[in-house]
Amino acid sequence: MAAIRNQIRELRALRGMTQQELADQVGVTRQTVIAMEQDKYSPSLETAFKVAIVLGVPFEQCFQFDPRGKR
Amino acid sequence: MASLSYREKSLYASLVAELIVYGPYFFLHQQNSVNKVAGMIVGIIVLQIILQSAIAIFTRSRVTDERDRLIELRGYRSGYLTLASLMVLGLGMLWFHATVGHLQLDSGMIGLHFLSVFFGMLIIADITKTATQIVAYRRTL
């Protein structure tokens with residue numbers, strides 16, 4: 001399991017937002033959103049904050065760190 | 001192709017262009033010449049311009065982000081490591097052949113021989129760089 005996990009998919013679905021819409025608002029490609037949702041890519045701190053702001057939730061509700069996970 | 005980003009499409013096009021232009025280099029090795037190497041360089045430039053232009057025209061979103069830059073760096077790192085390894089190997093082989101007498105360092109063909117070897121190394125490193133980036137897009141980063 002990845003060291004940094006996230007709830008992007010669930011939070012995005014709650015807001016009825018598409019991957020492309022989230023990508024456009026954050027300023028990344030749709031493929032990067034897909035990679036983040038599948039825990040295949042840990043974004044930079046700046047991008048992670050942008051995602052949380054766009055989704056309208058506190059940072060820690062969107063991203064969690066698992067010290068036992070692999071990086 | 002619709003699920004691929006602009007950078008991924010661009011990389012696939014680069015790999016195809018590299019294999020089309022450079023592929024014959026390894027199979028027609030006996031007929032190497034300065035003209036052939038120069039022709040390949042011109043060929044890859046022309047083919048890349050055509051393919052990259054076509055992709056740019058037919059791709060709506062040309063956004064690149066931090067993940068693209070990380071993958072690009074990873075590709076350059078593997079390309080550099082490949083080139084450095086081949087350089088050491090190639091120089092070692094040239095030294096060995098010169099030492100045992102297979103290669104006459106004073107012959108008129110030595111320049112072409114060096115050109116062939118180093119151009120081949122550059123080709124392999126370039127293909128490695130592109131292939132690494134394609135794999136990185138498909139796998140975990």
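What share of the contacts in chain B with a separation of 6 or more comes from residues 24 or more positions apart? Such residues account for 87% of those contacts. This is a predicted model, so let us walk through its two chains one at a time and then see where they touch.

**Chain B**

The secondary structure of chain B consists of four helices and zero strands, which gives the pattern α-α-α-α along the sequence. One pair of these helices is a good place to start looking. Helix α1 (residues 6-27) of chain B and helix α4 (residues 110-138) of chain B have axes that come within 10 Å and cross at roughly 150°. Because angles over 145 degrees count as roughly antiparallel, α1(B) is roughly antiparallel to α4(B). The crossing in which α1(B) passes α4(B) is left-handed.

If you would like to find this contact in the structure, look on the α1(B) side for residues including L11(B), L15(B), Y22(B) and Y25(B). On the α4(B) side, the partners include I123(B), I127(B), I134(B) and Y137(B). Taken together, the residues of this contact of α1(B) with α4(B) are 10 nonpolar, four polar and three charged.

**Chain A**

Chain A mixes both kinds of element, with five helices and two strands. Starting at the N terminus, their order is β-α-α-α-α-α-β. The radius of gyration of chain A is 11 Å, close to the 11 Å that the globule rule gives for 71 residues, so chain A is as compact as a globular protein of that length. Its C-alpha trace spans about 30 × 25 × 20 Å along the principal axes. Among contacts in chain A between residues at least 6 apart in sequence, 60% join residues at least 24 apart.

One residue to visit here is I53(A), found in helix α4 (residues 45-55) of chain A. I53(A) counts as partly exposed because it has 14 C-beta neighbours inside 10 Å, a number between the 12 or fewer of an exposed residue and the 20 or more of a buried one. From C-alpha to C-alpha, I53(A) lies 9.0 Å from V26(A), although 27 residues separate the two in sequence.

**Burial in the two chains**

| Chain | Length | Buried share |
|---|---|---|
| Chain A | 71 residues | 30% of residues |
| Chain B | 141 residues | 15% of residues |

**Where the chains meet**

Finally, the two chains touch: seven residues of chain B are in contact with 10 residues of chain A. On the chain B side, the residues that touch chain A divide into two nonpolar, two polar and three charged.

Notes. Residues are numbered from 1 along each chain as its sequence is written. Chains are lettered from A and ligands numbered from 1 in the order in which they are written. This is a predicted model: local features need pLDDT of at least 70, side-chain atom pairs count only at pLDDT 80 or more; totals for chains, interfaces and linings use all residues. Axes are lines fitted to C-alpha atoms, for helices over the stretch in contact, and angles run from 0 to 180 degrees between N-to-C directions. Angles under 35 degrees count as roughly parallel, over 145 as roughly antiparallel, 65 to 115 as roughly perpendicular and the rest as oblique. A crossing is left-handed if the near helix is turned anticlockwise from the far one by less than a right angle, and right-handed if clockwise. Ala, Val, Leu, Ile, Met, Phe, Trp, Tyr, Cys and Pro count as nonpolar, Asp, Glu, Lys and Arg as charged, and the others, Gly among them, as polar. The radius of gyration is taken over C-alpha atoms; the globule rule is 2.2 Å times the number of residues to the power 0.38.
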